[in-house]
Amino acid sequence: MCGILGEFSFDGSQLNREQFLLLLSLSKRRGPDSTGYIRISNKLQLGFNRLSILDLSDKANQPIQSPS
């Protein structure tokens, strides 16, 4: 089972990157194979701890981004 963490704030008052990654590390045992982080705006940031089960390649690492 993977670990997913997200933070959304209407006014932009979010944890800084280091604090967010520290919080994400608490779920590392849920997904020890890969850790991903993305800040989409000053209002939204997402973190992922991936457990590789079906697709063992790096192409399945999260977050997956699209140009659109």
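Guide: In this predicted model, a residue is called buried when its relative accessible area is under 20%, and exposed when that area is over 50%.

Visitor: Does Ser52 count as buried or exposed, and what is the reason?

Guide: Ser52 lies in the segment that follows strand 3 (44-50). Its relative accessibility is 18%, and the limit for a buried residue is under 20%. Ser52 therefore counts as buried.

Visitor: With which side chain does the side chain of Ser52 make a polar contact?

Guide: The contact joins two side chains, at 3.3 Å. One belongs to Ser52, and the partner is Arg50.

Visitor: In what order do the three strands of the open sheet stand?

Guide: The pairing in this open sheet is antiparallel. Strand 1 (3-8) and strand 2 (34-39) are the edge strands, each pairing on one side only. From one strand to the next, the twist averages 5°. The order is 1-3-2.

Visitor: Which residue in strand 3 does Gly3 stand opposite?

Guide: Strand 1 and strand 3 pair in the antiparallel sense, over six bridges. Opposite Gly3, in strand 3, stands Asn49.

Visitor: Why is the pair of Phe8 and Phe10 described as it is, and what is that description?

Guide: The structure holds two aromatic pairs. In one of them, the rings of Phe8 and Phe10 have their centres 4.9 Å apart, and rings pair if their centres lie within 6.5 Å. Phe8 and Phe10 are both exposed. Their planes stand at 85°, and planes over 60 degrees apart give the class, so the pair is edge-to-face.

Definitions and conventions. Residues numbered from 1 in each chain as written. Predicted model: local features only at pLDDT ≥ 70, side-chain atom pairs only at ≥ 80, totals over all residues. Heavy atoms only, no water. Helix = DSSP H or I, 4+ residues; strand = E, 2+ residues; numbered from the N terminus. Buried < 20%, exposed > 50% of the residue type's maximum accessible area, 1.4 Å probe, protein only. Polar contact = N/O pair within 3.5 Å; in protein donor to acceptor, adjacent residues only side chain to side chain. Phe/Tyr/Trp six-rings, centres within 6.5 Å; stacked < 30°, edge-to-face > 60°. Pairing = 2+ DSSP bridges. Axes fitted to C-alpha atoms, helices over the stretch in contact; angles between N-to-C directions.
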